[in-house]
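Got your viewer ready? Load the model, set it to cartoon, and follow along one selection at a time.

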Amino acid sequence: MIKTLSTLLIFGAALQAFAETKEVTLYTQRHYAFDETVHEKLLKEKGIKVNVVKASADELIARLEEEGENTPADLFMTADGAGLDRAQKAGLLQPITSPAVIDLVPATLKDPENHWVAVTNRARVIIYSKDRVKPEELSTYEDLADPKWRGRIVIRSSSNSYNQSLMTTIIAANGEEKAGGWAAAVRKNMARPPQGSDRDQIRAVAAGLADLAVANTYYVGLLETSEEPADREAAAAVGLYFPNQEGRGTHVNISGIGVVKGSEKAALAEEVIAFLLSEEVQASYPENTFEYPVNPAAPWSENQERWGKFKADPVPLSTLGELNAEAVRLFNRAGWE
Amino acid sequence: MEYAETTSTARSSPRSGIRFWRKLKSPDSWGLSVGVFTTVICLPILAVLIHLTKAGPEWGHLVETVLPRYLTNTAVLVVGVTVVALLMGVLPAWLVTVHDFPGRRLFSWALILPLALPSYVAAFVFYQGPEAAIPFLIWVRTNVGIDAFLKAEIVIRYGLLILMMGAVLYPYIYLACRAAFSQQGRTLIESARCLGDRPGAVFFRVAIPLARPAMVAGAALVIMEVINDYGAVHFFGVPTLTEGIFRTWFGMGDKVSALRLAGIVMLAVAMLLIVEQLLRGRARYVEAEGSSIPLVRKRLNRGKAATAFLCCLLPLAIGFLYPVGRLVQWSWLNLTSDRGVSLTFGESLSRGLILAGTTALVVTLLAALFAFGVRLRENPLRKSCFRLSGLGYATPGAVIAVGVLVVFGGLDRLEISWMPLFSGTIFLIGFAYLVRFFAIPLQLSRAGMDRLGPSLGEASRLLGRAPFATFLRIDLPLLKGPLLAAAMLLFVDILKELPLTLILRPANFETLATSAFSLAKEARLQACAVPSLMIVAAGAVGLLIMNRWLSPANSHE
């Protein structure tokens, strides 16, 4: 008991000693091991230490709300545009001022008032079995509701934010009523009730349980380079299709970051954002997490080039946040678990 | 387990209000401390329950659309898992306490090991089951048709989830029944044997009625775990009420409706505890005189011994050997591959162990002191304090986390000069664990004190010792066994805890559970196996120590 207490005390003292260096605290939804590598690089090159708290976006939002101005957080990062929009609507973010940051990011990938900017992006695409589906049979997200796909689609739970964001774009494009009908029809076409992650959906297609899946692009990259042979085989058995290329374009979502309102280290926090957007760091995302860079100067990875260029749905990301609750309501009514 | 058996021994009787008010008017320091402590521990839950009467904007929509499904799923799981856990728990407990067969001593302790396995870890191992069933499902689709295929998929998945949760949770029932059989079964069992009952008849005519209160108490714990589970049901795509809380809160941004759902979950659990009390009726554990003489175990002949062996092996194999075997295999594959996880879990491990160990000790001591304070004078006020303080066990971890944030965020905002800032400190996690798990050491201390009886304490008081000195000199040393058992059980629970830790942790704070969670989020199963295995190993050691302290009868064999 005394021993553990003294260990804790020493631990506390060590923390005190650290307080002298340049530090920022980041609340992030991203669970990637690669982000730690980026933070180590930041410490080495700029001497800025990033203290990290990881949890889901809304858990972090709840925490920021309750901590109020006493929050230790300086930066807030999510893996989904809707989360950033909710944080901003809750008044938790302050505008980024540094022109070096703002000018670097294309207008579609940042908040109009610069409360947040994207760091990476990715597309939500259709994954098909190379054996059983010809790419010519595929066209749009809307087409997934066609009865010809009965019992042939796998897609994860509607409690997942990626699906909620996809649904908001379908509402934005087709209206509420049609979007609700779409969800109900897709639910009927599923080979199994929604379960597991995007990676599990791709595996199910590879194993022959279903012919189509909906997943984010980087999951294919992760499977292609997985340490597990079964994953690499699964990636080889499926193809990747960018839907709605003839129309509004494929749904794109972001990982993004903003400065927490009331942070006493706003300048330092913006320095961190600038670092994340620098060409060198941006070029490392495609190679490691298989997300697309937002800095136009950064090159794509080999597999991203192989998947090909695509047209992205230009719907503003703030729409995702505004229509999110409506999307969940439609999912609930459609019985999409 | 004893702590559950005495869940509500403190039965409030409508005593005269006059005495109640007299106590209130002249509160002694113990009464005051008990009251203040209960208030503090209940504050985060109150911050949540306050929403119970309010319907958020989405409430009507929820009732109309998803609530029926959440309720059905919860009910199916509760019934299914309880049945499986009873099947897996009662018979082995009976076999290892009153019979003798090869492997009995090993099973006697090994059967509790599944408790070391967090259900979210078991889930990602068992999810391989539905994946393995894919060829069969494809066969069904091509030969029988698509509707049969869709039904078969659901049956396999629900079946596996129920089997898995039953196999991980049966130890609660096993422990309770084992205690019941070994403590008070001797006379009855031996009488039945003398009167010529065959073993099968003894089981149904003596063991089952005898174990009924233990079965109910164990089942109540199993049901609470099922209702509060988040990880496993999410993994298997079986949304329950608890998942509904998160979905409403996170997806729809309706915190009020989400917390109302949480309130309903808590009410359901409270009702369960009342039903438990009613079902248990007047049955109480009274240690029969001379029970220190161990029961003469009946040696089984070869055929029966083999059956008994299998009956014990099956739950252990499903709930522990198979999942741990897979974890070992995956960890080995991961660590020997060139792209394995670097072994950075040393820090998570030591930090998690220190946090869980310190919290477990402090919380157990507080619980013992609290139980002692309640027993000093059992008036209705203190009895209600006793019950209220265990409420956290019925509350989902994430909901407690939010309650704790509300309370301490508010406290920080008062900006009282001498008070440190609580936001983002490790203290919040420790406090939240206290709220969440206080019921465990509380019930175990209480059970220990009940067994001790009042005479020793009264003698000490008569000889002029103050209550606190009596606690230190008499109760604490004599209760060493149950208290250490409680601390170990708490230690294992904290080690496994995930949602509360995720929300409240300070910066750069990883425990084994959060490390495992991050890797599982990236769907890196082999890598995830490494920290998962560490949780299981640390938990198993804790459980074995607990088992030793809990069953002195077993330790001096």
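Start by selecting strand β5 (residues 116–129) of chain A together with strand β7 (residues 212–216) of chain A: the two run antiparallel and are joined by five bridges. A word on vocabulary: two strands pair if DSSP finds at least two bridges between them, while helices (H or I, at least four residues) and strands (E, at least two) are DSSP runs numbered from the N terminus. Zoom to A:Arg124 and you'll see A:Asn216 of β7(A) opposite.

Before going further, some housekeeping. This is a predicted model, where local features need pLDDT of at least 70 and side-chain atom pairs count only at pLDDT 80 or more, while totals for chains, interfaces and linings use all residues. Residues are numbered from 1 along each chain as its sequence is written, and chains are lettered from A and ligands numbered from 1 in the order in which they are written.

**The other partners of β5(A)**

Keep β5(A) on screen and add strand β8 (residues 238–241) of chain A, which pairs with β5(A) in the antiparallel sense over four bridges. Here the residue to pick is A:Ile126, with A:Tyr241 of β8(A) standing opposite.

Next, add strand β9 (residues 252–260) of chain A. Seven bridges connect β9(A) with β5(A), again antiparallel. Click on A:Val117, and its bridge partner in β9(A) is A:Ile257.

Then bring in strand β10 (residues 292–293) of chain A, antiparallel to β5(A) and joined to it by two bridges. The facing pair to label is A:Thr120 and A:Pro293.

How many of the 14 residues of strand β5 are buried? The count is 14 of the 14, so β5(A) is largely enclosed by the rest of the structure. (Buried means 20 or more other C-beta atoms within 10 Å of the residue's own, exposed means 12 or fewer, and partly exposed is in between; C-beta atoms are placed from the backbone.)

**Two unusual phi values**

Select A:Asn114, in the loop between α5 (99–102) and β5 of chain A. Its phi is positive, about 65°, although it is not a glycine. With 18 C-beta neighbours inside 10 Å, A:Asn114 counts as partly exposed.

Now jump to A:Phe290, which sits in the loop between α12 (279–288) and β10 of chain A. A:Phe290 also has a positive phi, near 60°, and is a residue other than glycine. Is A:Phe290 buried or exposed? It is buried, with 24 other C-beta atoms within 10 Å.

**Colour by domain**

Zoom out and colour chain A in two parts: domain 1 (2–121 + 253–301) and domain 2 (122–251 + 312–334). These bounds come from an automatic or database domain assignment. The domain centres, taken over C-alpha atoms, are 28 Å apart. Where they touch, 17 residues of domain 1 of chain A and 18 residues of domain 2 of chain A take part, a contact being two residues whose C-beta atoms, placed from the backbone, lie within 7 Å. On the domain 1 side, α4 (81–89), β5 and β9 of chain A each supply at least two residues. The largest share there, six residues, comes from α4(A).

**The whole of chain A**

Show all of chain A: 14 helices and 10 strands. Its radius of gyration is 21 Å, close to the 20 Å that the globule rule gives for 337 residues, so chain A is as compact as a globular protein of that length. (The radius is taken over C-alpha atoms, and the rule is 2.2 Å times the number of residues to the power 0.38.) Of the 337 residues, 54% count as buried. Along the principal axes, the C-alpha atoms fill a box of roughly 65 × 50 × 40 Å.

**Over to chain B**

Turn on chain B and look at the interface, where 46 residues of chain A are in contact with 48 residues of chain B. On the chain A side, the elements supplying at least two residues each include α1 (2–18), β2 (48–54) and α14 (317–334). The largest share of that side, six residues, comes from α3(A).

For the last stop, select helix α18 (residues 380–388) of chain B, whose buried residues are B:Arg382, B:Cys385 and B:Phe386. They cover an arc of only 100° around the axis, which puts them on the same side of α18(B); the arc is that of the directions from the helix axis to the C-beta atoms.
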